[in-house]
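Please open the model in your viewer and keep the sequence panel beside it, since the stops below are given by chain and residue number.

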Amino acid sequence: MKELIMALALMIVFTISVIFQSEYHIHQEQRLFLKSVSEEAAASAAQYFDWEKYGDGYLVFNEQQARLALEETLRSSLRLNSDLSPSSSSYWKGIDKVTYDVVFIGSSEYEQIKTNQNSVYQYNHEKGTTDLMIFGPSVIVKVYTGPAKYTLLDMNGNENYEIAMYTFEE
Amino acid sequence: MKSYIAGSAVFLILIFFVLQWVLNESAHYKRNTLINIVEVHAQQARINGYFTPEIKAQMVEEIKTKLKVPESEVRIVTLTETPKYRSEAFNENEMIQYRVEIPIHKIVAMASFLGIDESSNSYWYPVQGKVSSERLIER
């Protein structure tokens, strides 16, 4: 009788571990995909700048068009609806709306950073401050997608976000 | 002796968890590698403005060698094969689309022992997205 109870307890532990392993793998794949999506979002946002001023040597970003491009990249790759809420085929269903934060560092802002702080830009968000080395005018995007899907074990506080930067190197 | 006989019957049940762990790892490797392959080739397609036949052939070749999926089973649902151009204002139709699927065949271990047939034990895993094009319109 004792062996039977031990065996049942071991079966429960094995089942939980196998299910957790597959959920963790899926979470890791989605994080990898999110990293490439956020880098692509930064790259497509960096495409929209004033062409005439670029010919004179100044990079001034067109923020409105850049945001449109960024949102469309996120919407199609992460399978969101038009107001950035996750659709039924998206993985990131733990959040009402995927939010993003974008920082445009044009030529004039880059000159300021270079003189003040030795090419290190401090990006502030609620989880702490990230220091990014900046080598030229850049676009920094942070995408926040919320918690991942775990069924058996309660993984509280596993918020997923990615910070990506696209730089025009000088 | 009695416990050996009972042990060999229980062994069949306990070996399921080890086999399922191994299948999870191999499916994870396939999915991860597919995401890497498709994303790298999508970045190459951004430079040209579309998925050229060379990029497409190289992507299918890499999937064939690294993931051991025969060419007939790589399902390319959507790939932009006409050039898309970069413009000053954002245009949603000028983005390069891709959706590539591969089948993952063994989901559950010991499927015939549990009464699951082969067609239910596989599914198509997609990698889908849109990237922006960097190609300028030639004047």
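The tour goes from overall confidence to the interface, and then to a pair of strands.

This is a predicted model, in which local features need pLDDT of at least 70 and side-chain atom pairs count only at pLDDT 80 or more, while totals for chains, interfaces and linings use all residues. Residues are numbered from 1 along each chain as its sequence is written, chains are lettered from A and ligands numbered from 1 in the order in which they are written, and side-chain values use heavy atoms, with hydrogens and water left out.

Begin by colouring chain B by pLDDT (the predictor's confidence in each residue, from 0 to 100): the average is 91, and 100% of the residues score at least 70. For the model, the scores are ipTM 0.91 and pTM 0.91.

Next, select the residues of chain B in contact with chain A, where contact means heavy atoms within 4.5 Å; 35 residues of chain B meet 31 residues of chain A in this way. Together the two chains bury about 2900 Å², with 54% of it on carbon and sulfur atoms; buried area is the accessible area (1.4 Å probe) that two parts lose on being put together, summed over both.

Within this interface, show the side chains of B:Arg31 and A:Glu29, which form a salt bridge at 2.9 Å, N to O; the term requires a side-chain nitrogen of Lys or Arg within 4 Å of a carboxyl oxygen of Asp or Glu. The rule finds 3 salt bridges across the interface of chain B and chain A, and 14 over all chains of the structure.

Move on to A:Glu40 and B:Arg46, another salt-bridged pair, whose closest N and O atoms are 3.4 Å apart. This pair crosses between chains, joining helix H1 (residues 2-45) of chain A to helix H1 of chain B; helices (H or I, at least four residues) and strands (E, at least two) are DSSP runs, numbered from the N terminus.

Finally, turn to chain A and select strand S2 (residues 120-125) with strand S3 (residues 128-133), which pair in the antiparallel sense over 6 bridges; pairing requires that DSSP finds at least two bridges between two strands. Which residue of S3(A) is the bridge partner of A:Val120? The partner is A:Met133, while A:Tyr123 is matched in S3(A) by A:Thr130. The two strands form a hairpin, with 2 residues between them.
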